[in-house]
Structures are given as C-alpha cells and as structure tokens.
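Please open the model in your viewer and set the display so that single residues can be selected by number. The tour below goes from stop to stop, saying at each one what to select and what is found there.

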Amino acid sequence: MIQKQLIQRANTKRWFWGITIVLGLLLGFGVNQRMQFREATAESQEEVLPQLTAELDALKADYKAQQAKWQSQLLAQIVPTLTDESNAVRRQFVEFLEEIGNPGTAALVGMLRDPSKSVRRKAAEALGEIGEDERKAGRNYDAAAIGLAMALKDDSDDVFREAVQELGDVRPTSAESLAVVVPALIAVQTKGPSNTRDDVLDILGQIGEDLAENGQSTDTIQDALIAGLNDDSTKVRTNAIAELSDIQATSTKAFAALIRALSDDAKSVRARAEDVLIKLGRSHAVSITPMLAGALTNDQSATTRGHIVDVLGEIGEALVKKGESDEMVVKPLLVALQDSDADVRRNAADELGEMRAKSPDAETALTRALEDNSKNVRSAAQKAIRRIKATK
C-alpha cells in the first residue's frame, strides 16, 4: 500500500520501484528454477534423496537470507526519500516496516532520526515488537536492541520512555547487543521521572540475572545497581536492593553498599536491605560477618545497629542449623549485648537465644545481662538462657 502511494506521489521514483520489482522477480525466478531442478532430481534419484534434500533445504535457507538482506538494504534506502512526505505517510511506512518484521529493522533504525517525535516514537515501538517476536522465535534480534539503545538518547521524553519500555520486553542477551545496550542504559539511569528510572533498573537487573545464569560477570550491572542506592526516590532505592539480590551480588562492594543502606532514611529501604543481607549472608557468612561486626561498632545510629544485630542473628542461626561453628557471629553479638542502647542489648539477647548459641561465652554474657538495668533486656536474657539450656 505504501509503495503504491510513494510511486503515485513522485514520477521520479517510478524507475526506482520498477527496477526493484524486476530485480525481485528475476532473483525469485532464478532461485525458484534452481529449486525446481533440485526437487526433480531428488524425485528421480531416490538413492541420494537425503543428500539432495539437505542441499535443497540449505539452498532455501540461503535464498531466504539473501532475500531478507536485499529487502532490508532496499527499505533502508527508501527512508531518505520520505523527507518530503507528510508525517502521516511516514507513520504508515513505519507500520508497513513493522508488518514485514525483521527485514524492516534497518529502515526502522533510520526512522529514529525522523524530525517528527511521533514518527520516532512509533519506530521505537515497532523495533520493540520486532525484537520481542525475534527473541521468542529464537532468532537474532541484535539490530532491534541496538536501535532501541540509540533511541534512549532521543531529546523527546516520549521517545525515550518508549525505548525504555520496549527494551524491557526485548531483553538483549548477546555480547554484541549488550556492549551497546548496557552502557546506554547506565548513561540514562538518572534521567526522567522515578518510574522510568525504576524501569531502567529493572532492565539492568534482568540482564544481570541472565548473565549470572550463564556464569558471566555482572560487575558492570552490580555497579549500576549500587549507584541506584543513591537515587532520590525511595521506590528506586528499594528496587536497586531487590535487583542486587536477584543477581546474587555477593562482592565486598555489594555487601558494603547494602550495609550502608541499613542507615537509609526510609524504613522500607532499611527493611529490604536487612532482608537481602540475611538472604545473601547465610551462604557467605565468612565474608560478610567481619563487615557487619565493623559496622556494629562504628555506626552512630541505634536503629542501624539493631538491623545489624538482626542480620547477625539470622546468619548465626543458619550456621547452627548446618552444624557449623557460630563463634564468628557470637562475638559481635556479645559486643551488642553491652551496647549503650537498651533496645540493641535486648535484641542481641533475643538473637543469641533464637540461634541457640553454642559458645560458652554466650551463656556467661547472658547470665550477666540478668542484672541489666533494663527490664526488657533482663527478660530477653532469661528467655535466651532457657532456650540454650533446652537445646543442650
């Protein structure tokens, strides 16, 4: 439909379309003749049928690939000829490109430079549709993903947000596309409203999960998510913590960032950081416990120290259940049992009891805590002692 409109609008384009159609017919005729010959040969020579069938399939695949390449190059050449057409015509051309699928990708990338933001937005949407379809079909969709990464630089917020949304569905995985897409996402992770920044972190997290599952490095993704912990939005910071959990970020840098998040102004962020530290720390007690112990003695906030005690207690409980030594956890909890804040001391006593601390030093310290000036601490210490003795 679009081709007819373009031919009718300008006589100077008629020769272009004429050559296009003739070349297409000749190419199709030549290949079809070769296919028919192969098929006839296969029917007359049953003894070599498997070999000829394989050759025929290969020929068909090669024909399709050449046809798609030719079609893609041809369509891309049409884009510059549309500059004098109306926005409506250019949008119709984008719809046409989306309909033909992957061969239209190169032309759609060209349409991302269109002067009209509505056309550029529609081109980004079409690239997302094609990329998602190609991904689901198990075919290469690098061109669509890279094109969307280009659209992230668009001056229009509408085009930018559309590109972010489409990249979430496309989910690039190849090294070629990731080399372009990841830096482009990181460059815009502080751009736009909070919900868009949140979407960018979601995409980075999805990419990080795919990399982790394939045993590949997630360092670049991890650094971007850690940077997200400094976002102005509580929702974005909370999401950054969740994504760090999903990619199993267990580096010293990640643990340090999560421990700092225990001091966040927002209660929801602190709670999520505590949950993730417990989840990741249970299987990385050796590396995280010294960091928690250091934060316990250095942090000025009783609220943060209380969160740290919670994490230490959960890690200690996991160690005891696995039959491992809990000494590395008991030591900082005994320090917390002498904290200046009564709530922290009570919390430390609770955690020692819940983990059924094996260390003799724990029972000794809890016995001393029975004389604490806080009734709540004395009560928690008494309960913890009963639990430990019951286990013995």
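Where is the place of arginine 171? Select arginine 171 in this predicted model, and you will find that its place is in the loop between H8 and H9. Arginine 171 has a positive phi of about 50 degrees, although it is not a glycine, and with a relative accessible area of 29% it is partly exposed.

**The whole chain**

Before going further, zoom out to the whole protein chain, which has 20 helices and zero strands. Of the 392 residues in the protein chain, buried residues make up 48%. If you consider the contacts between residues at least 6 apart in sequence, 63% of them join residues at least 24 apart.

**From arginine 171 to helix H10**

Return to Arg171 and select aspartate 210 as well, since aspartate 210 touches Arg171 and also Thr173, when residues up to four places away in sequence are not counted. The place of aspartate 210 is in helix H10, which covers residues 194–213. Is aspartate 210 buried or exposed? Its relative accessibility is 16%, and because buried means under 20%, aspartate 210 counts as buried.

**Helix H7 and its neighbours**

Now select residues 142–151, which form helix H7, a helix that is mostly covered, with seven of its ten residues buried. The buried residues of H7 are Asp142, Ala144, Ala145, Gly147, Leu148, Ala149 and Ala151. To see what they pack against, add helix H5 (105–111), helix H6 (117–136), helix H8 (157–170) and helix H9 (175–187) to the selection.

**Asparagine 239 and the loop after its helix**

The next stop is asparagine 239, whose place is in helix H12, made of residues 234–246. Asparagine 239 is buried, with a relative accessible area of 12%. Which residues does asparagine 239 touch, not counting those up to four places away in sequence? They are Asp198, Leu201 and Asp202, and with aspartate 202 there is also a polar contact between the two side chains, at 2.9 Å.

Move along to glutamine 248, which is found in the loop between H12 and helix H13 (252–261). Glutamine 248 has a positive phi of about 60 degrees although it is not a glycine, and it is partly exposed, with a relative accessible area of 44%.

**Valine 329 in helix H17**

Select valine 329, which is found in helix H17 and counts as buried, at 0% relative accessibility. Show the residues around it: leaving out those up to four places away in sequence, valine 329 touches Thr289, Leu312, Ile315, Gly316, Leu319 and Met355. A distance label can be added here, between the C-alpha atoms of valine 329 and alanine 357, which are 28 residues apart along the chain and are separated by 9.2 Å.

**Helix H18, from cap to end**

Continue with helix H18, residues 342–354, starting at its N-terminal end, which is capped by aspartate 341: a side-chain oxygen of this aspartate lies 3.0 Å from the backbone nitrogen of aspartate 343. How far apart are the end C-alpha atoms of H18? They are 18 Å apart, which agrees with the 18 Å that the 13 residues should span at 1.5 Å a residue.

Within H18, colour Val344, Arg345, Asn347, Ala348, Ala349, Glu351, Leu352 and Gly353, which are buried. The buried residues of H18 pack against helix H16 (302–321), helix H17 (327–336), H19 and H20. Just after H18, look at arginine 356, which takes a positive phi of about 55 degrees.

**The last stop: H19 against H20**

Finally, select helix H19 (residues 360–369) together with helix H20 (residues 375–391), whose axes come within 8 Å and cross at roughly 145 degrees. The crossing of H19 and H20 is left-handed. The contact is made on the H19 side by Glu363, Leu366, Thr367 and Ala369, and on the H20 side by Val377, Arg378, Ala381, Ala384, Ile385, Ile388 and Lys389. Colouring the contact of H19 with H20 by class would show seven nonpolar, one polar and three charged residues.

Technical notes. Residues numbered from 1 in each chain as written. Predicted model: local features only at pLDDT ≥ 70, side-chain atom pairs only at ≥ 80, totals over all residues. Heavy atoms only, no water. Axes fitted to C-alpha atoms, helices over the stretch in contact; angles between N-to-C directions. Helix = DSSP H or I, 4+ residues; strand = E, 2+ residues; numbered from the N terminus. Left-handed = near helix turned anticlockwise from the far one by under 90°. Contact = heavy atoms within 4.5 Å. Nonpolar A, V, L, I, M, F, W, Y, C, P; charged D, E, K, R; others polar. Expected span 1.5 Å × (residues − 1). Buried < 20%, exposed > 50% of the residue type's maximum accessible area, 1.4 Å probe, protein only. Polar contact = N/O pair within 3.5 Å; in protein donor to acceptor, adjacent residues only side chain to side chain.
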